Structures are given as C-alpha cells and as structure tokens.
Amino acid sequence: MSEERFGEFVLVRRHGRVAELVLDRPKAMNAVSTEMARSLVNACTALAADRDARVVVLTSSHERAFCVGADLKERNSFSDADLLRQRPVTRGAYTGVLELPMPTVAAVHGFALGGGFELALSCDLIVADRTAVVGLPEVSVGVIPGGGGTQLLPRRVGAARAAELIFSARRVAAAEAAELGLVDRLVDEGRDREEALALGERIAGNSPVGLRAAKRALRLGHGLDLRAGLEVEDAAWRSVAFSGDRAEGVAAFNEKRKPEWPGE
C-alpha cells in the first residue's frame, strides 16, 4: 500500500486497483476549511487522471465522524468578500468528488452532516455503520445546502422526502437513513471502511472501460425521458463495443478464465 498526501488534510492510499481518498482533519472532525477544500480539488484532479484507479473509496480518519460539514469557525471570521472568494474553492471540492469518472463509494460512520453528507451524496454508493448520523441542517444556520444537496438528495429519495429533510434540518440516525435510502448499505459498527473497501475491490474486478462508461450513462441519462436516455446508453455502449476490454472480456468468458483487462 502506498500513500500520497495532498496538503495537510487529505490523503490518498493505494490498495492496488482501489484508491482510498481519506478526509484527514481529525482535530476538527473533518470540517471543510478552505485549505481542505483546495486539497480535495487537487486530490480529485489527480485521481480523475489516474487510469490505474478503478474505484475510489471516500473515508475518514476520525473515529467519531465522517465529516461535520463546512468549517463554521473559519466562516465566522469571514467578510462577505471572503465568503464570495471561498465559494469556487469549496464548490470545486464537492464537484471534484461528484465528477470522478470511476465508481465511488463513501464509508460513513458517526456524523455526516451538511457538507459532510454532501460529500457522501456525491459518491455513487454509501456504506454506513450503525453509528452514522446524517443530515442537511444548513437552513438552521441561515444558508442552504450548497455542495449539491438540494439536487443530489431528491435524486436519491424523491422531491417531497428531500424537502422534509432539508426544511426540517433534522439529523437522521443510521437505521432510518437506511430505511429512507439516504445510505445504501448498513453494516455493523466500525466496519464501514472495511466493507466499503471490499465492495470497491469487487467492483474493481470488472472492466475499467465498462465501469466508466456505465457511470457516464447512469449520470447523463438520469432525469431524461426514456427515449433520450436510451440514446445516452447507446452512445456509452458504442464507446466500449470496440475496446480492448470488450475483446478481452469475450475471450476470457469463452476460454473460462479470469480476464486481464487492458483498460482501453
């Protein structure tokens, strides 16, 4: 396993084909400061260009929290001009995770609130342990979810459910979060990272070309009418149909062996 640090608060660990993107600001429960947001942007830029990374798993180094959202202590010292200058940086951090081209899995335990939950929502799948508490409480401090929450949450749970959760600013414990579809897999306490990495490894065994094309079709097709969505799917299919991965996959199937994906 190798490690690469991006600034003081973000770490990337390599587990073979799976890249672990670690939120590593434990003294602040991973509150997203300007510096941390900038580091996330840089880490995601590097991962997006890394053809060896087939899956990214987003984790936390803090024992009791995934991420508590924006650094409100830093924000308290901001002028309006400071806040305006910070906005592209923080927005870039959430967008960086959201736009990673490979499948992404969040491993959530403890508090995942506000921007912290938005980072998890930016991933394709969320694995949570039984200590997880999620929510978007931004209206309780006079703002709105600004890291994608108003758009990502209704895509998961529907418009009315998202409205109730955002307007009430309530925190949702793990069992209810799983029941409502706020998280995808509920695991025993302390096993979120292990289970998310195992899921990532299972996903990473598949064609990297196929995985990226499937994600692209899922993302671009969402919200379109069926006919338009099927055109998106067809374009994604054409992008893989004549790839080395497709040829290898068919050959490996017929030869009853494990494929060795060329990744192109």
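Two strands count as paired when DSSP finds at least two bridges between them. Keep that in mind for this tour of a predicted model.

**Stop 1: strands S2 and S3**

Select residues 10–15, strand S2, and residues 18–23, strand S3. Six bridges join the two, and they run antiparallel. Find Leu11 in S2; Val22 in S3 stands opposite. Now look at the link. S2 and S3 form a hairpin, with two residues between them. Gly16 sits in that turn and has a positive phi of about 65°.

**Stop 2: inside S3**

Stay on S3 and show its side chains. Val18, Glu20 and Val22 point one way. Ala19, Leu21 and Leu23 point the other way. Are these residues buried or exposed? All are buried. With six of its six residues buried, S3 is largely enclosed by the rest of the structure.

**Stop 3: on to S4**

Add residues 55–60, strand S4. Six bridges join S3 to S4 as well, but here the strands run parallel. Val22 appears again: in S4, Thr59 stands opposite. Next, select helix H1, residues 34–48. S3, H1 and S4 make a right-handed β-α-β unit.

**Stop 4: the four-stranded sheet**

Move to an open sheet with the order S5-S7-S9-S10 and mixed pairing. Which strands stand at the edges? They are S5 (65–67) and S10. Each has a single partner strand, so one side of each is left without a neighbour in the sheet. Zoom in on S5 and S7, residues 111–113. Two bridges join them, and they run parallel. Cys67 stands opposite Ala112 in S7.

**Stop 5: helix H6**

Select residues 159–168, helix H6. Ala162, Leu165 and Ile166 are buried. Why do they fall on the same side of H6? Because they cover an arc of only 95° around the axis. Turn to the other side, where Ala160 and Phe167 are exposed. The buried residues pack against helix H5 (149–157) and strand S10 (172–173). Just after H6, Ala169 takes a positive phi of about 60°.

**Stop 6: rings**

The structure holds one aromatic pair. Select Trp237 and Phe242: their ring centres are 6.5 Å apart and their planes are at 70°, so the pair is edge-to-face. Trp237 counts as partly exposed, at 49% relative accessibility. Phe242, at 70%, counts as exposed.

Finish with Arg25 and Phe9. Arg25 lies over the face of Phe9, at 5.0 Å from the ring centre.

Note on methods. Residues numbered from 1 in each chain as written. Predicted model: local features only at pLDDT ≥ 70, side-chain atom pairs only at ≥ 80, totals over all residues. Heavy atoms only, no water. Buried < 20%, exposed > 50% of the residue type's maximum accessible area, 1.4 Å probe, protein only. Arc of directions from axis to C-beta. Contact = heavy atoms within 4.5 Å. Phe/Tyr/Trp six-rings, centres within 6.5 Å; stacked < 30°, edge-to-face > 60°. Lys NZ or Arg CZ within 6 Å of the ring centre and 35° of its normal. Right-handed = clockwise from strand over helix to strand, strands pointing away.
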